[in-house]
Amino acid sequence: MPAARRRSSPTRRFAVVSLVGMVLVGVALVLVTSSQMRDQAVRDGTGAASRMALFAAGVVPSPSFVTGVLSTEEQVAVTAATRGFGDELVELRLWSTDGRLMYSSDEATTGLPHADRLARAMQSGQPDAVVQPDVRAGDAATDERTVLDVYVPVRLADTATPEAQAGVAGEASVGAAEVMLDHTATQQTLQTTTRTVTLVVVGSLVLLWLLLFQIVHSTSRRLRSTALENARLALLDSLTGLPNRRLLADQMQRAIDKVSHDDAGARVGLILLDIDRFKDINDTLGHDHGDELLQQVAERLRNALRDDDVVARLGGDEFAILLPDVRTVANAERLARRVRGLFGRPFELSDIALHVETSIGVACLPDHAADASALMRTADIAMYAAKHHRAGVSVYSPSADDSSPARLVLLGELHQALESRSEAGAAPQLEMHYQPKIELASQRTVGLEALIRWRHPTRGLLPPGAFVPLAEQSGLIHRVTGFALEESVRQLARWRAQGEAVPVAVNLSAHDVASPAVVDMIELLLAEHGVEPGLLEVEITETALVADRSRVVPVLERLSALGVRVAIDDFGTGTTSISQLRDLPVAELKIDRVFVADLGEGGRAGSEVVVQAMVDLAHSFGLRVVAEGVEDEQTARTLERLGVDRAQGFLWARPAPADALHPPGGHSLHPIA
């Protein structure tokens, strides 16, 4: 019996702790909700009282608030002006500056105001509202009635003679209107609503508690049975209870041996995943919370996959999923995306709801590897590619394999291309091309985007996608960016010497914009070549901003202070919040070409609504909107109709070297035909 009590104690502890927690949550929800409803009711009533006061004061000459006396005609006018408010208005009183009763809808001739409330309303210029019982008379009707008593300051401009007198400003308070509104029905509604909310909250929390209790009870029972399997402890991860690297390797080899005897269509798949920014979670929340997160991740993976699949923890925040029998690479990728979907819900760490993301790599044998060791390596490379490109899920590709011979050769050639810049007589291989930015309203060229190209000796002209990711992975990106900035500023100086000034935008990678050194480089180049900072723009991707905001934002602020304009590129593909966007020192948003492409024929339904929302958001913050990737007139017209300011794309011009552009007179830069 004692042993049974010990085994059930975690469940009992959960029952007690969770019940107390839910009671506290329920009480807080009811109190906050009822408080918000009461405050809203008072705000609504105060607004109505202010409107009534405006009607009443609008027929009273301002001198009357000074003398504190209304003529019979003026009293009749006030009564007529407020007659339309009906039973909602219980009583209206007008008070002069010194607290004399000027008018009462109950025909009272004397009375005293609430001095403190009158003073507060007069001094602050804001209404002062109080909910209280109707104590004007002692009959049964008023005893049961609740009123909203509001002191509304009357400004000089609200009266029948708004002109300033004797130096009194038009916004100054010259008196106050005390408006009493029938608040009984509102109070009754609030009480009924509060009771309903209480019942709903209590019922929901009870159901939730019962569900959680059942889950915890079944989980506790399953863990107890698992603990009895002592013979397998050496092959299990001590934190999560998942198979460890050793057991995974054994299971993988068994699966490979089995596949080798099956038909040619059989495959072994391997999914590797790790938790993005897990080190930050450990550093910020502590290792206890980090361990708790790993346990919850393991639990989700264990419960979501097929019976034959093997989930293992390799160490740290890295997990593996072995697919012993998968028919196609596409099926393996589909399973990987389903696994990523498990991270959509937040993880509850004690009292913290934590949203985390994961990077997942997929590889299959024999498609991507010939043995277990190679399969593990290719899946790891795919996972790194997913993390680097923020793709979520990535299938192994030789082009992303830094250790492949072809990429090693290309990396060496990129080194040589950068070194050849300083060699006398050597033909430069890296060059800058420029694509015009068009103002949609006038169809004029109002700027250029500088795009780097590599004129490879044997492969021809390579776009940035063929070598910039390699430069980022190898650490050469800073030298590539330095070349792009230097050449662009030199070209700006050449055009400036010709009497032309056209802004040029240069792309910065996430590695560049996270370092203040790029600001020093830009400042030095602008000073060296005598170029105004306003002629240089820098573009950073939205994902680069989100990746390391604490380091990126200070760099952007320094660039903005220098006079260099900043644009967010590929907007719509990241997770920038409205509050972040409002506080960023940026001047321009560039809508990602994916959304622009959807505006053409055969595009995705609702794409115009998405683009319109982006445009309205940007314009509300005073930002210019640029669309890239425009290739047809219909898309250009749609963008102009949606309010997009500028655009660029093959419709107007392809990127071209500076000497292939028309002279920039009047900002009419276009490639020479």
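Here is a walk through this structure, from the whole chain down to a few side chains. Keep in mind that what you're looking at is a predicted model.

Let's start with the big picture. The protein has 673 residues, and 43% of them count as buried. Its secondary structure adds up to 22 helices and 22 strands. How much of the contact network joins residues at least 24 apart in sequence? If you take the contacts between residues at least 6 apart, 66% do so. On the outside, the accessible surface comes to about 33500 Å², and carbon and sulfur atoms account for 56% of that.

Now let's go inside. In soluble globular proteins, nonpolar side chains tend to be buried together. Here, the largest nonpolar core has 79 residues. If you want to find its best-connected members, look for Ile522, Leu559, Ile591, Val611, Leu639 and Val644, which have the most contacts inside the core. Which helix gives the most to this core? That's α14, spanning residues 477–497, with nine residues. There is also another core, apart from this one, with 32 residues, including Ala298, Ala332, Ala336 and Phe343.

Pick Leu559 to get a feel for what a core residue touches. Setting aside its neighbours within four places in sequence, Leu559 is in contact with Val519, Ile522, Val538, Val564 and Val566. Ile522 should ring a bell, since it is also among the core residues with the most contacts.

Next, follow some strands. Strand β14 (residues 444–456) runs parallel to strand β16 (residues 504–507), and three bridges join them. β16 also pairs with strand β17 (residues 536–541), again in the parallel sense, this time over four bridges. A handy landmark is Val504: it is the bridge partner of Leu448, and Val504 also stands opposite Leu536 in β17.

Time for some rings. The whole structure holds five aromatic pairs. One of them is Trp209 with Phe213: the ring centres are 5.4 Å apart and the planes sit at 20 degrees, so this pair counts as stacked. Both residues belong to helix α6 (residues 184–227), and they are four residues apart, about one turn of the helix. Are the two buried or partly exposed? Trp209 has a relative accessible area of 18%, so it is buried, because the cut-off for buried is under 20%. Phe213, at 26%, counts as partly exposed.

Tyr434 and Trp495 make an edge-to-face pair, with 5.7 Å from centre to centre and 65 degrees between the planes. This pair links distant parts of the chain: Tyr434 is in strand β13 (residues 430–439), while Trp495 is in helix α14, 61 residues apart. Both are buried, with Tyr434 at 2% relative accessibility and Trp495 at 4%.

Stay in helix α14 for a moment, because there's a polar name to meet there: Gln491. Is Gln491 buried or exposed? At 10% relative accessibility, Gln491 counts as buried. Leaving out residues up to four places away in sequence, Gln491 touches Tyr434 and Ala658. So Tyr434 meets helix α14 through its ring pair with Trp495 and touches Gln491 as well.Finally, two arginines are worth finding. Arg300 lies over the face of Phe347, at 3.7 Å from the ring centre. Arg654 lies over the face of Phe650, at 3.9 Å from the ring centre.

Note on methods:
Residues numbered from 1 in each chain as written. Predicted model: local features only at pLDDT ≥ 70, side-chain atom pairs only at ≥ 80, totals over all residues. Heavy atoms only, no water. Core = buried A, V, L, I, M, F, W, Y, C linked by side-chain atoms within 4.5 Å. Buried < 20%, exposed > 50% of the residue type's maximum accessible area, 1.4 Å probe, protein only. Helix = DSSP H or I, 4+ residues; strand = E, 2+ residues; numbered from the N terminus. Contact = heavy atoms within 4.5 Å. Pairing = 2+ DSSP bridges. Areas by Shrake-Rupley, 256 points an atom, 1.4 Å probe, with all protein chains shown as cover. Phe/Tyr/Trp six-rings, centres within 6.5 Å; stacked < 30°, edge-to-face > 60°. Lys NZ or Arg CZ within 6 Å of the ring centre and 35° of its normal.
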